[in-house]
Structures are given as C-alpha cells and as structure tokens.
Amino acid sequence: MARFPNKKKKVFSKPVVKKPSVDHVTGDKIPKSFVFSRGKLPSSLRKLQMDLRKLMLPHTALKLKEKKQNNLKDFLNVAGPMGVTHFLILSKTDTASYLRVARTPQGPTLTFKIHEYSLAADVAQSQLRPRCPPELFKNSPLIVLSGFGTGDQHLKLTTIMFQNIFPAIDINTVKLGLCQRIVLLNYNKETKLIDFRHYSIRLQPVGVSRRLRKFVLNHQAPDLKSLQDVSDFVTWAGYGSESEGDDEAATVSLPSDLGRVNRASTKSAVKLQEIGPRMTLQLMKIEEGLSSGGVIFSEYGSGEGAKKQENQEVDED
C-alpha cells in the first residue's frame, strides 16, 4: 500500500512582547514590588493590602500568594529572579498597625506607624460620582512629595525611598496620556505625620459643559426633536459656561492633542479625584539592612526604653 507523507500542521504563535526591564530615564532596573504581610491581619488590613497592591500596578504581583510558614527569606529568594526591588510589608500588634517599606536585597528599611487609613471602597462610597476605570492602572503613578525638604537625614532617606519606588519620568518625552494617577505624600513638620493620598488625573477643556463633553466622548447623537435648531442644543447645554468652577491656577495649555476633547494650544483644567487608599503615617524607625542592622533613625530616641518599644512594634522575621 502506498504511504502518504505525514503533513505536520503548522502552529502559529503570537509573538511575546517583552516589557522593558530597564528605565529609559535612569538606566537602572524598573522598580518592582511585593506587597505582603507578616503575622495575622484583620479583615480591614487585608483589604488595605489589596488596595496597596493595586496602587503599585503595573509593576507588582497583584495575586501574590502567601503562606503562614513563609518567612522574609522566602520572599527574598523569589524577589531576586523576578527583579523585585522593594517590599511593602503590613503588620499588626496589640497597640497599632505598621507599614515597612524596604529596598531589596540589602535595605534600608523604613518602618511607619499607621495612625489612620481609609480603603479605596470607603473613598469611593463617600463620593457623588466615583471614577476608577481599570485603564488607570496600566501605567505607574506619578509621585509628589511635599514638606520633606527640611534637611533632616531621615526625611532625605524617606524622600529617596519613595522616589525610587516608582519609575522615573522624563518631562521632555513623557506622553501626557500615560499620566493618569498621582501619589501625594505631604509631611507636617509640627505633627511629624505624613498624609498619603492617591488620585486619578483628568484634563477637562475650560469653558465646556459636562453635557457637551459627554456628547463628544460617547459618540452618541443627541435627541434634537424638541429643538428648532442645532444651535439651541449648544446654548441649552451651556457652551462657554464655567459651571464647574474652573480655577485659572489649575489650568494648563497642552502641547499636543489628548483624546477627543482636549486639544493642543487650548486651556484645560487639571482635575484630581481621590481613588484611595488613604493613610496617615508616622516614620518610627530606619534600619540599615532588610529589617535588620544598625538603626539610623528612631522616633523613640535611644536607651533601654526605646529598645523595648522597638521590640514591641513589629514582630521581626
């Protein structure tokens, strides 16, 4: 019998687009993070942990799995091959909650006491029109630090840590469409507290009402059957009004078009809307290593009493 040659089916696979691993601005590795906990957390802090993971997107492990028997070395062993540069570690004691921010693999580690916090869901529930589309998290947020320029060493280290936890940007080449979120840290010198806020960024053309913006963005023809002329729709919609109170100090002139509404060389108002989470932090301690080593700064000062307080605040690995 005649044999027919076996014709192998060609398998077509989509090319894998690798994300850049090097920051084009600094030339260093793009910062990546793990957000996890040590010890048992109450439900609200677990939700805060998920909110922080979402905030750190896209360069974080959103679905990082944790086990009770895992210790800090386990996370460190996985972090190296994956290019993780920072740890954000939540913990809870009988007296307070803490957030540790550490540079891997050798530190330093900054320990913050969480005085107050609100979840992203709580922030959204308090707003009349909450807005948090998934597209916001495709790019890293901008980072803005205010009030840290006092010259104190521990505040300089805090500034460097938070500046390096997100990719750097080049203001000359950055695309405005990629700047959709901002993380703001404001230090109060009197209270020594840090207000941690997370906002979405929107640009709206000055002098155009909400009704007209929705018409342009939604690609839907308006109902004009009750009007005599299309100009009546423009007048009725309030074209040229400033019903939303555009502030001259919060307006910018765009160098290029951004979307269907914001055009180059026209004024657009910058709108910030809080999306959470929200925290009030206090820097308690800075250690040279990864949750170990010499203490560079301690809010408790020095002495046996300070040592006792430090041992109580965080259950070390």
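# Close-up views of a predicted model

**Figure 1. The whole chain combines helices and strands.** The protein contains 7 helices and 11 strands. The model is a predicted one. The protein has 317 residues, and 38% of them count as buried. Among contacts with a separation of 6 or more, 67% join residues 24 or more positions apart. The accessible surface amounts to about 19700 Å². Carbon and sulfur atoms hold 52% of that surface. The search of the whole structure for salt bridges returns 5.

**Figure 2. Helix 2 has a buried face.** Helix 2 spans residues 72-82. Leu72, Phe75 and Ala79 are buried in this helix. These buried residues line one face, because their directions, seen down the helix axis, fall within an arc of 65 degrees. An α-helix has 3.6 residues a turn, so residues three or four places apart point the same way. The other side of helix 2 carries exposed residues: Lys73, Asn77, Gly80 and Pro81. Which strands help to cover the buried residues of helix 2? The cover includes strand 1 (33-37) and strand 2 (86-92).

**Figure 3. Asn71 and Gly83 flank helix 2.** The N-terminal end of helix 2 is capped by Asn71. A side-chain oxygen of Asn71 lies 3.1 Å from the backbone nitrogen of Lys73. Lys73 itself is exposed, on the other side of the helix from the buried residues. Gly83 comes just after helix 2. Its phi is positive, at about 75 degrees.

**Figure 4. Asn70 sits in the loop between helix 1 and helix 2.** The loop between these two helices holds Asn70. Is Asn70 buried or exposed? Asn70 counts as buried, because its relative accessibility is 18% and the cut-off for buried is under 20%. Leaving aside residues up to four places away in sequence, Asn70 touches Arg38 and Phe75. Phe75 is one of the buried residues of helix 2.

**Figure 5. Glu66 forms a salt bridge with Arg46.** The side chains of Glu66 and Arg46 meet with an N to O distance of 4.0 Å. Glu66 lies in the loop between helix 1 (43-55) and helix 2, while Arg46 belongs to helix 1. The two residues are 20 residues apart, and the pair links distant parts of the chain. Glu66 is partly exposed, with a relative accessible area of 26%. Arg46 is partly exposed too, at 34%.

**Figure 6. Glu66 also forms a salt bridge with Arg53.** In this pair the closest N and O atoms are 3.0 Å apart. Arg53 is in helix 1, 13 residues from Glu66 in the loop between helix 1 and helix 2. Arg53 counts as buried, with a relative accessibility of 3%.

**Figure 7. Arg278 and Glu274 meet in a salt bridge.** Their side chains come to 2.8 Å, N to O. How exposed is each partner? Arg278 is partly exposed, with a relative accessible area of 31%. Glu274 counts as buried at 13%. Elsewhere, salt bridges with shared partners join Arg46, Arg53 and Glu66 into one network.

**Figure 8. Strand 3 and strand 4 form a hairpin.** Strand 3 covers residues 97-103, and strand 4 covers residues 109-118. The two run antiparallel and are joined by 6 bridges. Tyr98 stands opposite Lys113 of strand 4. The hairpin has 5 residues between its strands. Gly107 in this hairpin takes a positive phi, near 90 degrees.

**Figure 9. Strand 4 also pairs with strand 10.** Strand 10 runs from residue 278 to residue 287. How many bridges join strand 4 to strand 10? There are 9, and the two strands run antiparallel. Gln282 of strand 10 is the bridge partner of Lys113. Lys113 also has Tyr98 opposite.

**Figure 10. Thr111 is a buried residue of strand 4.** Thr111 has its place in strand 4. Thr111 is buried, because its relative accessible area is 1% and buried means under 20%. Thr111 and Lys285 are 174 residues apart in sequence. In space their C-alpha atoms are 5.2 Å apart.

Notes:
Residues numbered from 1 in each chain as written. Predicted model: local features only at pLDDT ≥ 70, side-chain atom pairs only at ≥ 80, totals over all residues. Heavy atoms only, no water. Helix = DSSP H or I, 4+ residues; strand = E, 2+ residues; numbered from the N terminus. Buried < 20%, exposed > 50% of the residue type's maximum accessible area, 1.4 Å probe, protein only. Contact = heavy atoms within 4.5 Å. Areas by Shrake-Rupley, 256 points an atom, 1.4 Å probe, with all protein chains shown as cover. Arc of directions from axis to C-beta. Polar contact = N/O pair within 3.5 Å; in protein donor to acceptor, adjacent residues only side chain to side chain. Pairing = 2+ DSSP bridges.
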